[in-house]
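User: I am new to this structure and would be grateful for a close look at one part of it. Please concentrate on the charged side chains and their pairing.

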Amino acid sequence: MLEVHKNYVLDENQQPIAVQIPIAEFEKIEEILENYGLAKLIEEVEEEKLLSKDEALKYYQSLK
């Protein structure tokens, strides 16, 4: 498990209103979330028909 070093930001009433974390840990969290999202997307399209090379090229050209 990723260890997150947190610093709490308090308001004038000493109530927590935000958290600061080191940028390296934030970037690692972003990477984990992106990988999770990509894995979920791959799972969603797993059963879809694959395109042939020509179909893929034609589709790619239509995106431009």
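Analyst: The account below follows the charged side chains, beginning with the salt bridges.

The model is a predicted one. A search of the whole structure finds three salt bridges.

Two of these pairs belong to helix α1, which spans residues 23-45. In one pair, Glu 31 joins Lys 28, with the closest N and O atoms 4.0 Å apart. Both residues lie in helix α1, three residues apart, about one turn of the helix. Glu 31 is partly exposed, at a relative accessible area of 40%, and Lys 28 is likewise partly exposed, at 37%.

A further salt bridge links the side chains of Lys 40 and Glu 43, at 3.5 Å from N to O. Lys 40 and Glu 43 also lie in helix α1, with a spacing of three residues, about one turn of the helix. Lys 40 has a relative accessible area of 35% and is partly exposed; Glu 43, at 46%, is partly exposed as well.

The remaining salt bridge is formed by Lys 49 and Glu 55, whose side chains meet at 3.6 Å, N to O. Here Lys 49 counts as exposed, at 66% relative accessibility, whereas Glu 55 is partly exposed, at 36%.

Glu 25 presents another situation. This residue lies in helix α1 and is buried, yet it has no salt bridge. The nearest side chain of opposite charge is that of Lys 6, 8.2 Å away. Because a salt bridge requires the nitrogen and oxygen to be within 4 Å, Lys 6 at 8.2 Å does not qualify as a partner for Glu 25. Leaving aside residues up to four places away in sequence, Glu 25 touches Leu 2, Glu 3, Val 4 and His 5.

How values were computed. Residues numbered from 1 in each chain as written. Predicted model: local features only at pLDDT ≥ 70, side-chain atom pairs only at ≥ 80, totals over all residues. Heavy atoms only, no water. Helix = DSSP H or I, 4+ residues; strand = E, 2+ residues; numbered from the N terminus. Buried < 20%, exposed > 50% of the residue type's maximum accessible area, 1.4 Å probe, protein only. Lys, Arg positive; Asp, Glu negative; His and termini not counted. Contact = heavy atoms within 4.5 Å.
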